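Reader: I'm new to this one and would like a close look at a single part. Could you walk me through it slowly?

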Amino acid sequence: MQKRSYTCGLDAAIDVMGGKWKGLILFWLGEGPLRFGELRRTVAGISERMLILQLRELEASGLVHREVHHQVPPKVEYSLTAFGRSLVTALVPLGEWGEEHLERLEAIRESGGAAEPGGRPPAAADS
């Protein structure tokens, strides 16, 4: 695997948390530590295999800590590291932007993403 250099900070941030699921996993872990089964139920729509893969990548990136409690039955708990909490703090404004424009974004998605002339998304209620 060839290492690449990042072109800017945004490139690096998206690389470490990009994809559909990582942001959601980070969001829910921002609420506090969760066991695997709790995460599986909380992150709606994710498969068990995908959750395992995403958690491994987040752990390898240093964003998530995996704690194994040696008991019967075994208990594994996931939490954010300080590094992960710093990323979640940076993502909060993005989530707020999404909430603010949710209706418009859903309308664009429902219309198939058709853009107006000039590359603009279909007109919706501007906030």
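Where is Pro73 found?

Author: Happy to. Keep in mind that this is a predicted model. Pro73 sits in the loop between E2 and E3, so let's start right there, as a loop between strands counts on where those strands begin and end: strands here are DSSP runs of at least two residues. What stands out in this loop is the peptide bond joining Val72 to Pro73, which is cis, with an omega of about -5°. As a general point, most peptide bonds are trans.

Now for the strands on either side. E2 covers residues 64-69, and E3 covers residues 75-80. Together they make a hairpin, with five residues between them. The two strands run antiparallel and are joined by six bridges. If you want a spot to look at, find Val68, which stands opposite Val76 in E3.

E3 has another partner too. Strand E1, made of residues 34-35, pairs with E3 in the antiparallel sense, over two bridges. Here you can pick out Arg35, whose bridge partner in E3 is Glu77. In a regular strand, side chains alternate between the two faces of the sheet.

Let's step away from the strands for a moment. A search of the whole structure turns up one salt bridge. The side chains of Glu57 and Lys22 meet in it, at 2.5 Å from N to O. This pair links distant parts of the chain, as Glu57 belongs to helix H4 (residues 48-60) and Lys22 to helix H2, 35 residues apart. In general, side chains of opposite charge can pair when their charged atoms come close. As for the surroundings, Glu57 is partly exposed, with a relative accessible area of 38%, while Lys22 counts as buried because its relative accessibility is 6%, under the 20% cut-off.

Helix H2 also takes us to the largest pocket, which has a volume of about 990 Å³. Its lining is made up of 25 residues, and Gly23, Leu24, Leu94, Gly95 and Gly98 lie nearest the centre. Helices H1 (9-17), H2 (20-29), H5 (82-100) and H6 (102-110) each supply at least two residues of this pocket's lining. H5 gives the most, with eight residues. Sorted by class, the lining of the largest pocket holds 14 nonpolar, five polar and six charged residues.

Key
Residues are numbered from 1 along each chain as its sequence is written. This is a predicted model: local features need pLDDT of at least 70, side-chain atom pairs count only at pLDDT 80 or more; totals for chains, interfaces and linings use all residues. Side-chain values use heavy atoms; hydrogens and water are left out. Two strands pair if DSSP finds at least two bridges between them. Helices (H or I, at least four residues) and strands (E, at least two) are DSSP runs, numbered from the N terminus. On a 1 Å grid over the protein atoms alone, a cavity is a set of points where a 1.4 Å probe fits but cannot get out, and a pocket is an open set with protein on both sides within 12 Å along at least five of seven lines; lining residues have an atom within 4 Å of a point. Grid points are joined across faces, edges and corners, and a volume is the space filled by probe spheres set on the points. Ala, Val, Leu, Ile, Met, Phe, Trp, Tyr, Cys and Pro count as nonpolar, Asp, Glu, Lys and Arg as charged, and the others, Gly among them, as polar. A salt bridge is a side-chain nitrogen of Lys or Arg within 4 Å of a carboxyl oxygen of Asp or Glu. Buried means under 20% relative accessible area, exposed over 50%, partly exposed in between (1.4 Å probe, protein chains only).
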